[in-house]
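Dear colleague,

I am passing on a structure that you have not worked with before, and my notes on it follow below. Please have it open while you read.

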Amino acid sequence: MPLRAKSYRPPHYAVTRRQADTRKKTSARGYGAKWRKLRNAWLTAAPRVCEQCGKTGDLHVHHRIPHNGDPELLYEWGNLMTFCGTCHNRHHMLERHHAP
């Protein structure tokens with residue numbers, strides 16, 4: 001049986017994974033049961049389509065204004081929007097690279 005070729009990993013991959021491991025767990029950042037209930041309610045009530053590109057799969061709930069741990073912004077219905085996974089990741093990447 002032939003051996004599988006080694007997959008390519010960009011040089012920054014290991015660093016990115018290491019940085020992700022140092023973040024607080026999701027429940028410690030406010031994404032516990034109350035968030036999951038709100039998220040599910042949002043995905044049920046809001047149109048199931050990405051507000052950026054119109055895709056209908058792999059939907060994420062995003063905060064328009066970053067909550068930074070503020071429960072009022074974290075659970076504010078009007079602060080939520082729907083992104084597909086691709087647009088959500090792109091938004092956060094641009095946000096990190098263009099931060100003042």
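Is Trp77 buried, partly exposed or exposed? Please bear in mind throughout that this is a predicted model. With a relative accessible area of 39%, Trp77 counts as partly exposed, because the buried class ends under 20% and the exposed class begins over 50%.

To start with the overall layout, the protein has 4 helices and 2 strands, and along the sequence these follow the pattern α-α-β-α-β-α. Of the 100 residues in the protein, 23% are buried. The accessible surface comes to about 8,100 Å², and carbon and sulfur atoms account for 56% of that surface. When contacts between residues at least 6 apart in sequence are considered, 56% of them join residues that are at least 24 apart.

Most of my notes concern helix H2, which runs over residues 33-45 and has 13 residues. From its first C-alpha to its last, H2 reaches 18 Å, close to the 18 Å expected at 1.5 Å a residue. Within this helix, Trp35, Leu38, Trp42 and Leu43 are buried. Seen down the axis of H2, the buried residues fall within an arc of 135 degrees, so they line one face of the helix. On the other side of H2, by contrast, Ala33, Lys37, Thr44 and Ala45 are exposed. The cover over the buried residues of H2 includes strand E1 (59-63), helix H3 (71-74) and strand E2 (80-84).

The two buried tryptophans of this helix also come up among the aromatic pairs, of which a search of the whole structure finds 2. In one of them, the rings of Tyr31 and Trp35 have their centres 5.2 Å apart and their planes at 80 degrees, so the pair is edge-to-face. Trp35 itself counts as buried, at 7% relative accessibility. The rings of Trp42 and Trp77 have their centres 5.0 Å apart and their planes at 65 degrees, so this pair is edge-to-face as well. The Trp42 and Trp77 pair links distant parts of the chain, since Trp42 lies in helix H2 and Trp77 in the loop between H3 and E2, 35 residues apart. Trp42 is buried, with a relative accessible area of 8%, whereas its partner Trp77 is partly exposed, as stated above.

One further detail concerns a charge and a ring: the charged end of Lys34 sits over the ring of Tyr75, at 4.4 Å from the centre of that ring.

With best wishes

Definitions and conventions: Residues are numbered from 1 along each chain as its sequence is written. This is a predicted model: local features need pLDDT of at least 70, side-chain atom pairs count only at pLDDT 80 or more; totals for chains, interfaces and linings use all residues. Side-chain values use heavy atoms; hydrogens and water are left out. The expected span of a helix is 1.5 Å times one less than its number of residues. Buried means under 20% relative accessible area, exposed over 50%, partly exposed in between (1.4 Å probe, protein chains only). The arc is that of the directions from the helix axis to the C-beta atoms. Contact means heavy atoms within 4.5 Å. Accessible areas come from the Shrake-Rupley method with a 1.4 Å probe; for residues, only the protein chains shown count as cover. Rings of Phe, Tyr and Trp (its six-membered ring) pair if their centres lie within 6.5 Å; planes under 30 degrees apart count as stacked, over 60 as edge-to-face and the rest as tilted. A charge sits over a ring if NZ of Lys or CZ of Arg is within 6 Å of the ring centre and within 35 degrees of the ring normal.
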